Amino acid sequence: MSKIIFIDVDGTLVDYDNVLPESAVEAIRQARANGHKVYISTGRSRAEVYQEIWDIGLDGMIGGNGSYVEDNGQVVMHQLLTPEQSRRIVDWLHERKLEFYIESNNGLFASENFETRGEPVMQEYSARKGQDNAAKMTVRQAFPEMIFGGELYRDDLNKVSFILESYEDFLAAKEAFPDLQAGTWGGVGETALFGDLGVKGITKAHAIDELLKHIGGRIEDTIAFGDARIDIPMFEYCAIGVAMGNGGEEIKAMADFVTDAVADDGLAHAFQRLGLIG
């Protein structure tokens with residue numbers, strides 16, 4: 001029976017240095033040749049899914065942590081922030097003097113001083129992920145196609161990420177925008193580096209449900225791969241959840257089994273264990 005496979009990107013398909021293991025590429029290609037469908041399911045917006053990933057060969061993607069669904073080039077669902085919500089967020093962040101970047105399928109757009117303020121934050125984020133070059137990481141390396149000096153009032157936004165000067169900034173954002181989904185990333189609780197604001201009620205699980213309706217797929221045929229807390233709804237929804245060896249303890253506790261780390265061919269080993277490839 002053919003399976004429908006959903007793979008998170010950062011920390012699952014690619015390692016924290018953004019390296020894509022050749023074993024993962026070959027495993028996905030072989031699985032698709034065996035009749036299985038493979039989608040990425042990521043927090044990235046479509047503009048952050050670079051050609052190297054599409055060149056693997058995929059059936060489509062879930063992006064923005066569930067706000068966007070694409071199947072074989074067809075947009076199945078795309079839930080955007082309204083222009084009014086987008087403007088309110090930008091104005092609020094400016095007033096609070098927080099640097100940010102806005103995410104759309106047409107690109108990532110940085111606030112006026114994000115490149116400067118973001119450098120030490122991305123270095124800290126990289127260090128926490130164990131990257132070798134963390135101390136030299138720049139914003140342009142972390143976000144190679146980010147647009148600087150672009151229009152910040154937009155009508156095509158999936159979500160907005162902003163640097164937390166303190167945890168109070170996240171709590172204030174949650175209070176200021178009850179109509180939006182407020183979250184953090186780059187750490188847990190007080191250690192979080194970024195806050196984000198997006199469409200309320202969006203999860204990877206909801207996006208998978210919409211995709212299965214579109215393709216006529218069955219939940220019992222689904223397999224999810226992830227490494228972080230954001231992937232928990234996907235694990236709860238899918239028939240099988242596989243955590244990466246480099247993943248957090250919360251996601252490992254939710255998994256049906258834990259495979260090796262990304263850099264240790266974990267994806268390919270799990271594909272073999274599940275009988276997706278020979």
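Which side chain meets Arg117 in a salt bridge? Keep that in mind for a moment, everyone. Before I answer, please remember that what we have on the screen is a predicted model.

So, the answer: the partner is Glu165, with a distance of 2.8 Å from N to O. Now look at where the two sit. Arg117 is in helix H4, residues 114–128, while Glu165 is in the loop between strand S9 (157–163) and helix H6 (167–176), so this pair ties together parts that are 48 residues apart in sequence. How open are they to the outside? Glu165 has 43% relative accessibility and counts as partly exposed. Arg117, at 29%, is partly exposed too.

That was one salt bridge, and the count for the model comes to 18. Let me show you another, between Glu70 and Arg46, where the closest N and O atoms are 2.6 Å apart. Glu70 belongs to strand S4, residues 68–71, and Arg46 to the loop between strand S2 (37–41) and helix H2 (51–54), so here the parts being tied together are 24 residues apart in sequence. Is Glu70 buried or exposed? Its relative accessibility is 5%, and because the cut-off for buried is under 20%, Glu70 counts as buried. Arg46 has a value of 29%, which makes it partly exposed.

A third pair is Arg218 and Asp221, whose closest N and O atoms are 2.9 Å apart. Arg218 is partly exposed, at 37% relative accessible area, whereas Asp221 is buried, at 7%. Salt bridges can also share partners, and in this model that joins Asp8, Lys204 and Asp231 into one network.

Next, let's spend a minute on a single residue, Arg44. You can find Arg44 in the loop between S2 and H2. What is its relative accessibility? The value is 7%, so Arg44 counts as buried. What does its side chain do there? One polar contact, of 2.7 Å, joins the side chain of Arg44 to that of Asp10. A polar atom of the Arg44 side chain also lies 2.8 Å from the backbone oxygen of Glu48. If we leave aside neighbours within four places in sequence, the residues in contact with Arg44 include Val9, Val14, Asn18, Tyr50, Ile53 and Met61, and also Gly63 and Gly64. Try clicking on Arg44 and finding each of them yourselves.

Finally, let's zoom out to the domains. The protein is divided into two: domain 1 covers 4–79 plus 202–274, and domain 2 covers 83–198. Notice that domain 1 is written as two stretches of sequence. The C-alpha centres of the domains lie 24 Å apart, and the contact takes 13 residues from domain 1 and 18 residues from domain 2.

How much area do domain 1 and domain 2 bury between them? It is about 1300 Å², with 42% of it on carbon and sulfur atoms. And how many salt bridges cross this interface? Zero, by the rule used here. What the rule does find between domain 1 and domain 2 is four residue pairs in polar contact. On the side of domain 1 that touches domain 2, there are four nonpolar, five polar and four charged residues.

To finish, here is the picture I'd like you to take away. The model has 18 salt bridges, yet zero are found across the interface of domain 1 and domain 2. Thanks for listening!

Note on methods
Residues numbered from 1 in each chain as written. Predicted model: local features only at pLDDT ≥ 70, side-chain atom pairs only at ≥ 80, totals over all residues. Heavy atoms only, no water. Salt bridge = Lys/Arg side-chain N within 4 Å of Asp/Glu carboxyl O. Helix = DSSP H or I, 4+ residues; strand = E, 2+ residues; numbered from the N terminus. Buried < 20%, exposed > 50% of the residue type's maximum accessible area, 1.4 Å probe, protein only. Polar contact = N/O pair within 3.5 Å; in protein donor to acceptor, adjacent residues only side chain to side chain. Contact = heavy atoms within 4.5 Å. Domains from an automatic or database assignment. Buried area = accessible area lost by both parts, 1.4 Å probe. Nonpolar A, V, L, I, M, F, W, Y, C, P; charged D, E, K, R; others polar.
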